[in-house]
Amino acid sequence: GLQLFVYGRQAFDKDSSQKKFPRRQTLEASEAIARRHQLDPDQTHFVQQNPAAIDGGAFHNDVVSVSNKNVFFYHEEAFVDPASLQTELQKKAGDMDLHFIEVPKDQVSLQDVVGSYLFNSQLISIPGEEQMTLILPLEAKENPNTKNYLEGLIAGNQPIGRTAFLDVRQSMRNGGGPACLRLRVVLTEEEQSSLGANVIMNDGLYEELCTWVKAHYRDRLSADDLTDPALMEESFKALDELTGILKLGSVYDFQNE
């Protein structure tokens with residue numbers, strides 16, 4: 001696989017491109033992470049995010065791009081030099097053919113992208129299906145420009161053959177979309193069994209977690225509640241039960257007192 005790091009600026013250079021929002025990620029921090037994780041330099045690439053995308057509200061690159069296997073789906077204005085990025089990634093991919101799907105800015109603007117979370121999505125491969133599925137927030141369907149683009153995308157001969165829209169407004173309003181769940185760690189059966197913790201989702205764990213939520217989540221919270229010691233005690237009890245369900249042991253300070 002390829003390791004792609006996206007940065008906003010170089011730490012020791014004066015950022016003359018900043019107009020509205022600071023460029024949070026630095027090239028040097030990304031390079032340090034790559035070294036600490038002993039990543040193969042031949043399989044690792046660093047690319048600068050387009051300052052226009054950051055000023056448009058895409059603080060993190062998951063708002064303007066998403067990938068799965070050999071498919072890279074991104075906006076035309078996501079990176080400083082997308083053409084060079086394609087060339088370098090394909091060179092490092094070797095015999096693996098990469099498929100780049102670049103969304104034109106004249107069809108979908110940066111404002112549309114940030115408002116609809118078009119790329120803050122999940123691009124997945126479903127067993128038994130040849131084409132990939134793009135799972136998106138409902139906002140991407142409600143935006144006319146992103147809706148029209150997606151309809152044209154899946155109608156064409158592309159690796160992405162289906163879209164699915166989900167109502168995740170509560171998560172969206174709290175600053176997170178489907179991209180927050182993108183982390184994928186492939187484990188062998190032996191590695192899964194050595195985890196020890198009960199953190200692999202199944203029907204039994206799902207039901208147990210639903211019961212826990214119903215028992216401990218308040219349906220409303222006021223400012224006065226934040227000064228009530230009972231809320232803290234409730235929270236401690238809930239977290240204590242949750243770590244028990246997940247078999248995580250004592251991970252909070254109050255559990256060791």
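Let's start with helix α9, which covers residues 203-216. Its 14 residues, at 1.5 Å a residue, should span 20 Å, and the C-alpha atoms at its two ends are indeed 20 Å apart, so expectation and model agree. Keep in mind as you look around that this is a predicted model.

Now look at which parts of α9 are hidden. L205, L209, W212 and H216 are buried. Because these residues cover an arc of only 55° around the axis, they sit on the same side of α9. What do the buried residues of α9 pack against? Their partner is α10, residues 229-245. Turn to the face of α9 that points away from the buried side, and you'll find the exposed residues D203, E207, T211 and K214. The N-terminal end of α9 has a detail of its own: N202 caps it, with a side-chain oxygen 3.1 Å from the backbone nitrogen of G204.

Next come the sheets. As a bit of background, strands in a sheet pair through backbone hydrogen bonds, and they can do so parallel or antiparallel.

One open sheet has three strands in the order β3-β4-β5, and its pairing is mixed. The strands at the edges are β3 (65-68) and β5 (99-103), each of which pairs on one side only. Going from one strand to the next, the twist averages 10°. If you zoom in on β3 and β4 (residues 71-75), you'll see them paired in the antiparallel sense over four bridges. Within that pair, V66 stands opposite F73 in β4.

There's also an open sheet of three strands ordered β6-β7-β8, with mixed pairing. Here β6 (122-124) and β8 (160-166) are the edge strands, and each pairs on one side only. The twist in this sheet averages 20° from one strand to the next. How many bridges join β6 to β7? There are three, and β7 (residues 132-137) runs antiparallel to β6. Across this pairing, Q122 stands opposite I135 in β7.

So where does helix α6 fit in? In the sheet we've just visited, α6 packs against β7 and β8, with its direction at about 145° to that of β8. Go back to the sheet with β3, and you'll meet α6 (residues 144-155) there too: the helix lies across β4 and β5, running at about 155° to β5. Following α6 by eye is a handy way to go from β4 and β5 over to β7 and β8.

Note on methods
Residues numbered from 1 in each chain as written. Predicted model: local features only at pLDDT ≥ 70, side-chain atom pairs only at ≥ 80, totals over all residues. Heavy atoms only, no water. Pairing = 2+ DSSP bridges. Axes fitted to C-alpha atoms, helices over the stretch in contact; angles between N-to-C directions. Contact = heavy atoms within 4.5 Å. Expected span 1.5 Å × (residues − 1). Buried < 20%, exposed > 50% of the residue type's maximum accessible area, 1.4 Å probe, protein only. Arc of directions from axis to C-beta. Polar contact = N/O pair within 3.5 Å; in protein donor to acceptor, adjacent residues only side chain to side chain.
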